[in-house]
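Work through the following exercises with the coordinates open beside you. Each task is followed by a solution that proceeds step by step.

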Amino acid sequence: MTSSAITSGAEADESAETGTRTETGPSGTTRLRLDLSYDGTDFHGWAAQPGLRTVQGELEAGLQKILRRPVPVTVAGRTDAGVHARGQVCHLDVSDDVLATVPGRSAAAPADALVSRLVGVLPADLVVHRAEVAPPGFDARFGALRRRYRYRISDSPAVHDPLRRDVLRHRRALDVEAMHAASQALLGEHDFLSFCRPRDGATTIRTLEELSWQRPAAERADAGLVVATVVADAFCHHMVRSLVGALLGVGEGRHESVRPAQILAARTRESGRHGQVGAAPLCPPGGLTLEGVEYPPVERLAAQARAARVMRG
């Protein structure tokens with residue numbers, strides 16, 4: 001099989017983009033990498049949509065206030081409505097002349113000045129932590145090697161926290177060891193059709209590198225929660241939430257440990273009927289967070305971006 005990343009977030013999948021966006025940006029521009037995070041609760045996902053509050057919409061509106069012209073951004077992974085991000089990455093191409101005006105009278109570098117000025121125009125649930133000149137060949141979306149997500153679940157009133165909006169409250173106690181053991185059959189390169197909402201022109205083949213479950217100890221962050229860590233080269237629409245949904249039945253004792261593997265083998269989007277195995281159930285988005293995006297060394301960035309545009313079959 002050819003390698004591909006037809007890249008996206010945990011909750012989105014698209015075919016390769018072509019056209020004006022390139023790996024280096026147009027002549028006379030500087031490509032900037034932005035590292036950002038957001039609480040997805042009150043956003044209708046990443047992608048800009050008319051009349052809806054989205055992360056991309058708020059970010060591009062803030063950039064336009066500072067740069068005084070529309071500047072589109074390209075993101076590593078388009079998260080769905082209600083999904084959070086702690087380690088999201090995007091890039092934008094800015095005219096060199098425009099970028100030079102960002103610091104104003106300050107002595108700050110333009111990228112640093114952009115971060116400072118964004119603090120004043122972005123809403124409280126969206127933060128750009130860093131901006132830097134991207135190395136040659138950098139593409140936030142197609143250049144990524146892998147994405148890392150976590151899904152957090154509180155399965156006991158003892159650990160329910162009303163101040164946290166990134167955790168799913170679950171009514172039944174979960175067997176973490178059983179969920180972890182059942183997850184291992186899903187690792188590797190597979191057609192995850194039963195765990196995805198397919199889109200025309202896009203593949204549902206992905207390489208799942210890690211799907212692990214743990215209950216962190218008391219001295220660690222997320223103590224007492226049930227936490228899934230999910231790592232793959234890319235994710236198709238609803239994939240992570242469907243993986244979690246399939247494994248909750250195992251954790252509750254309603255399904256045997258072979259159930260997730262059976263769902264994978266079924267390769268169907270139809271619901272199970274008359275005892276047959278169907279598509280995986282979907283978990284709510286609020287427990288899901290994009291934790292980070294990994295890129296190759298600088299000398300391999302351009303090659304990775306080109307390889308990721310090849311549809312895998």
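The exercises below treat cysteines, salt bridges, strand pairing, a helix and one contact between C-alpha atoms.

The model is predicted, so that local features need pLDDT of at least 70 and side-chain atom pairs count only at pLDDT 80 or more, while totals for chains, interfaces and linings use all residues. Residues are numbered from 1 along each chain as its sequence is written, and side-chain values use heavy atoms, with hydrogens and water left out.

**Exercise 1. Cysteines**

Find how many disulfides the whole structure holds, and state which parts of the chain are tied together.

Step 1. A disulfide is taken as a pair of cysteine sulfur atoms within 2.5 Å, and a search of the whole structure finds 1 disulfide.

Step 2. The disulfide is formed by Cys196 and Cys236, whose sulfur atoms are 1.8 Å apart.

Step 3. Cys196 lies in the loop between strand E7 (188–191) and strand E8 (205–214), and Cys236 in the loop between strand E9 (226–232) and helix H5 (239–251), so the pair ties together parts that are 40 residues apart in sequence. Here helices (H or I, at least four residues) and strands (E, at least two) are DSSP runs, numbered from the N terminus.

Step 4. Cys196 and Cys236 are both buried, where buried means under 20% relative accessible area, exposed over 50%, and partly exposed in between (1.4 Å probe, protein chains only).

Step 5. For Cys283, the closest cysteine sulfur is that of Cys196, at 15 Å, which is too far for a bond; Cys283 is buried, with a relative accessible area of 5%. Cys90 is buried too, with a relative accessible area of 0%.

**Exercise 2. Salt bridges between distant parts**

Describe the salt bridges of Asp42, Asp139 and Asp222, giving for each the partner, the place in the chain and the accessibility.

Step 1. A salt bridge requires a side-chain nitrogen of Lys or Arg within 4 Å of a carboxyl oxygen of Asp or Glu, and the structure holds 21 of them.

Step 2. Asp42 is bridged to Arg165, with the closest N and O atoms 3.4 Å apart. This pair links distant parts of the chain, 123 residues apart, with Arg165 in the loop between strand E5 (146–154) and strand E6 (168–169) and Asp42 in the loop between strand E1 (29–38) and helix H1 (55–67). Arg165 is partly exposed, with a relative accessible area of 41%, and Asp42 is partly exposed, with a relative accessible area of 41%.

Step 3. Asp139 is bridged to Arg309, with the closest N and O atoms 3.7 Å apart. The two residues are 170 residues apart, Asp139 being in the loop between strand E4 (126–133) and E5 and Arg309 in the segment after helix H7 (301–307). Asp139 is buried at a relative accessible area of 2%, whereas Arg309 counts as partly exposed at 24%.

Step 4. Asp222 meets Arg164 in a salt bridge of 2.9 Å, N to O. Asp222 lies in the loop between E8 and E9 and Arg164 in the loop between E5 and E6, 58 residues apart. Asp222 counts as buried at 14% relative accessibility, whereas Arg164 counts as partly exposed at 28%.

Step 5. Asp222 and Arg164 also belong to a network of salt bridges that links them with Arg86, Arg152, Asp166 and Glu291.

**Exercise 3. The pairing of E5**

Work out how E5 runs relative to E10, E9 and E6, parallel or antiparallel.

Step 1. Two strands pair if DSSP finds at least two bridges between them.

Step 2. E5 and strand E10 (residues 288–294) run antiparallel and are joined by 6 bridges; Arg146 stands opposite Glu294 in E10.

Step 3. E5 and E9 run antiparallel, with 7 bridges between them, and Tyr151 has Ala228 in E9 as its bridge partner.

Step 4. E5 and E6 run parallel, joined by 2 bridges, and Ser154 has Arg169 in E6 as its bridge partner.

**Exercise 4. A helix and a C-alpha pair**

Identify the buried residues of helix H3 and what they pack against, then locate Pro26 and give its separation from Asp93.

Step 1. In helix H3 (residues 110–119), the buried residues are Ala111, Ala113, Leu114, Val115 and Leu118.

Step 2. The buried residues of H3 pack against E1, H1 and E4, contact meaning heavy atoms within 4.5 Å.

Step 3. Pro26 lies in the segment before E1 and is partly exposed, with a relative accessible area of 45%. The C-alpha atoms of Pro26 and Asp93 are separated by 7.6 Å, although the two are 67 residues apart along the chain.
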